[in-house]
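Me: I'm new to reading protein structures. Could you walk me through one, feature by feature?

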Amino acid sequence: MKLKKGDNVLVISGKDRGRKGKIIEALPGEGKIVVEGINIHKKHRRAKRQGQKGEVIGIASPIAASNVKLVCPKCVQSARIGYRVIPEKKYRVCKQCGEEV
Ligand SMILES: [Zn+2]
């Protein structure tokens, strides 16, 4: 998986298509990521004490990593990402501007 926590991504399919967000969790084992503000599922939380109101909270659910594109911080476009490999290090590079991302 080319994506990691902290990356900014653009959603390219699904109900949140066209929206951008930051990856708050990467799940490489499942090929999924959790993106801030994307794929929000509402959860009802019951009141814990009497007199307290139950509340609805939005929780970002994982989406397939293939549904997003990494946004290049340099050219601020959704970028096609490649790898540049030098001994002992693997870089991700933007195919548009050639910058490391
Ligand atoms: Zn770029």
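Me: Leaving aside its neighbours within four places in sequence, which residues is I59 in contact with?

Reply: Bear in mind that this is a predicted model. A contact here means heavy atoms within 4.5 Å. Once the neighbours within four places in sequence are set aside, I59 is in contact with N39, I40, H41 and K43. I59 itself has its place in strand 5, residues 55-60.

Me: Is I59 buried, exposed or partly exposed?

Reply: The idea is to look at the relative accessible area: under 20% is buried, over 50% is exposed, and in between is partly exposed. I59 has 33%, so it counts as partly exposed.

Me: And K90, where is that found, and is it buried or exposed?

Reply: K90 is found in strand 9, which covers residues 89-94. Its relative accessibility is 53%, so K90 counts as exposed. Apart from neighbours within four places in sequence, K90 is in contact with Y83, R84 and V85.

Me: How far apart are I59 and K90 in sequence and in space?

Reply: You can count along the chain, or you can go straight through space from C-alpha to C-alpha. For I59 and K90, the count is 31 residues in sequence and the distance is 33 Å in space.

Me: Let's zoom out. How many helices and strands does the chain have?

Reply: There are zero helices and nine strands. Read from the N terminus on, the elements go β-β-β-β-β-β-β-β-β. The radius of gyration is 17 Å, well over the 13 Å that the globule rule gives for 101 residues, so the chain is more spread out than a compact globule. If you'd like a feel for the dimensions, the C-alpha trace spans about 60 × 30 × 20 Å along its principal axes.

Me: What share of the 101 residues in the chain is buried?

Reply: Buried residues make up 31% of them. The accessible surface of the chain comes to about 7,200 Å², with 48% of that belonging to carbon and sulfur atoms. You can also ask about contacts across the sequence: taking those with a separation of 6 or more, 37% are between residues 24 or more positions apart.

Me: Which residues have the most contacts inside the largest nonpolar core?

Reply: First the general idea: in soluble globular proteins, nonpolar side chains tend to be buried together. Here the largest nonpolar core has 14 residues, and those with the most contacts inside it are L3, V9, I23, I33, V35, I63 and V68. At least two residues of this core come from each of strand 1, strand 3 (32-35) and strand 7 (68-70). Try clicking on I23: beyond its neighbours within four places in sequence, its contacts include L3, V9, I33 and V35. I23 is also in contact with K4, K5, G6, D7 and V34.

Me: How many salt bridges does a search of the whole structure find?

Reply: Side chains of opposite charge can pair when their charged atoms come close. In this model, the search finds five salt bridges. One of them joins R92 and D7, whose closest N and O atoms are 2.8 Å apart. That pair links distant parts of the chain, since R92 is in strand 9 and D7 is in the segment before strand 1, 85 residues apart. R92 and D7 are both buried. There's a network too: salt bridges link K4, D7 and R92.

Me: Where is D16 found, and which side chains does D16 meet in salt bridges?

Reply: D16 is found in the loop between strand 1 (8-11) and strand 2 (20-27). Its side chain meets K15 in a salt bridge at 3.9 Å, N to O, and R19 forms another with D16, the closest N and O atoms being 3.0 Å apart. Now compare how covered these residues are. D16 is buried, because its relative accessible area is 9%. K15 is exposed at 63%, while R19 is partly exposed at 41%.

Me: What else does D16 touch?

Reply: A polar atom of the D16 side chain lies 2.5 Å from the backbone nitrogen of N39. Leaving aside neighbours within four places in sequence, D16 is in contact with V11, I38, N39 and I40.

Notes
Residues numbered from 1 in each chain as written. Predicted model: local features only at pLDDT ≥ 70, side-chain atom pairs only at ≥ 80, totals over all residues. Heavy atoms only, no water. Helix = DSSP H or I, 4+ residues; strand = E, 2+ residues; numbered from the N terminus. Buried < 20%, exposed > 50% of the residue type's maximum accessible area, 1.4 Å probe, protein only. Polar contact = N/O pair within 3.5 Å; in protein donor to acceptor, adjacent residues only side chain to side chain. Core = buried A, V, L, I, M, F, W, Y, C linked by side-chain atoms within 4.5 Å. Salt bridge = Lys/Arg side-chain N within 4 Å of Asp/Glu carboxyl O. Rg over C-alpha atoms; globule rule 2.2 N^0.38 Å. Areas by Shrake-Rupley, 256 points an atom, 1.4 Å probe, with all protein chains shown as cover.
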